[in-house]
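Q: I'd like to learn how to read a few features of a protein model. Can you take me through them one by one?

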Amino acid sequence: MNEIIQAMEGRRSIRKFKAEMPARKDLEQIIEAGLYAASGKGKQAVITVAVTDRKVRDRLSAANCRIGGWPEGFDPFYGAPAILIVLADKNWPTHVYDGSLVLGNMMLAAHSLGLGSIWIHRAKEEFETQEWQQLLADLGVEGEWEGIGHCAVGYADGEIPEAAERKESRVFWVE
């Protein structure tokens, strides 16, 4: 079987990570895979903010937890040490789709490198707040950006989950 299709069939969302930070070269490869995602009219109107600083990561987790309505102390990133935040230009009509493709590429790349990942929502709500808009400003990011999602990345702590049975009646042919 083709190795890309094999990766697509083998990748799973990981909900328990080891504290060990992945190698920077691996994170760079994951981010680069995201840069090669398809985008509407080739605009490439998506950016990634790589968070490996533990204090910033924990602040982001706390913000995500508040937005999600969980009890204080819950980690919506499941202990993943690296968070790759995908944001897209609010003014580009395909921004949500383009950002989603970036996240998909990054999760497949993480899997191919032996790392676990999971897509975590609520980046949109986070980056509507002054605190996280200020982070973008501090990084020199200009423009209006919408948070599409977080790719939480790290080493899986435990067994990789089995694939759920694929539902029937999801493909229709017009021949």
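A: Let's start with surface patches: a patch is made of residues with over 30% relative accessible area and no salt bridge, where like charges are joined within 9 Å and nonpolar side chains (Val, Leu, Ile, Met, Phe, Trp, Tyr) within 5 Å. Accessible areas come from the Shrake-Rupley method with a 1.4 Å probe, and for residues only the protein chains shown count as cover. A salt bridge is a side-chain nitrogen of Lys or Arg within 4 Å of a carboxyl oxygen of Asp or Glu. Here, M1, I4, I5 and M8 form a nonpolar surface patch, together offering about 440 Å² of accessible area.

A: Before going on, this is a predicted model: local features need pLDDT of at least 70, side-chain atom pairs count only at pLDDT 80 or more, and totals for chains, interfaces and linings use all residues. Residues are numbered from 1 along each chain as its sequence is written, and side-chain values use heavy atoms, leaving out hydrogens and water.

Q: Is I4 buried or exposed?

A: Buried means under 20% relative accessible area, exposed over 50%, partly exposed in between (1.4 Å probe, protein chains only). I4 is exposed, at 52%. I4 sits in helix α1, residues 3–10; helices (H or I, at least four residues) are DSSP runs, numbered from the N terminus.

Q: And what does G34 touch?

A: Contact means heavy atoms within 4.5 Å. Leaving aside residues up to four places away in sequence, G34 touches V102, N105 and M106. G34 belongs to helix α2 and is buried, with a relative accessible area of 4%.

Methods
Helices (H or I, at least four residues) and strands (E, at least two) are DSSP runs, numbered from the N terminus.
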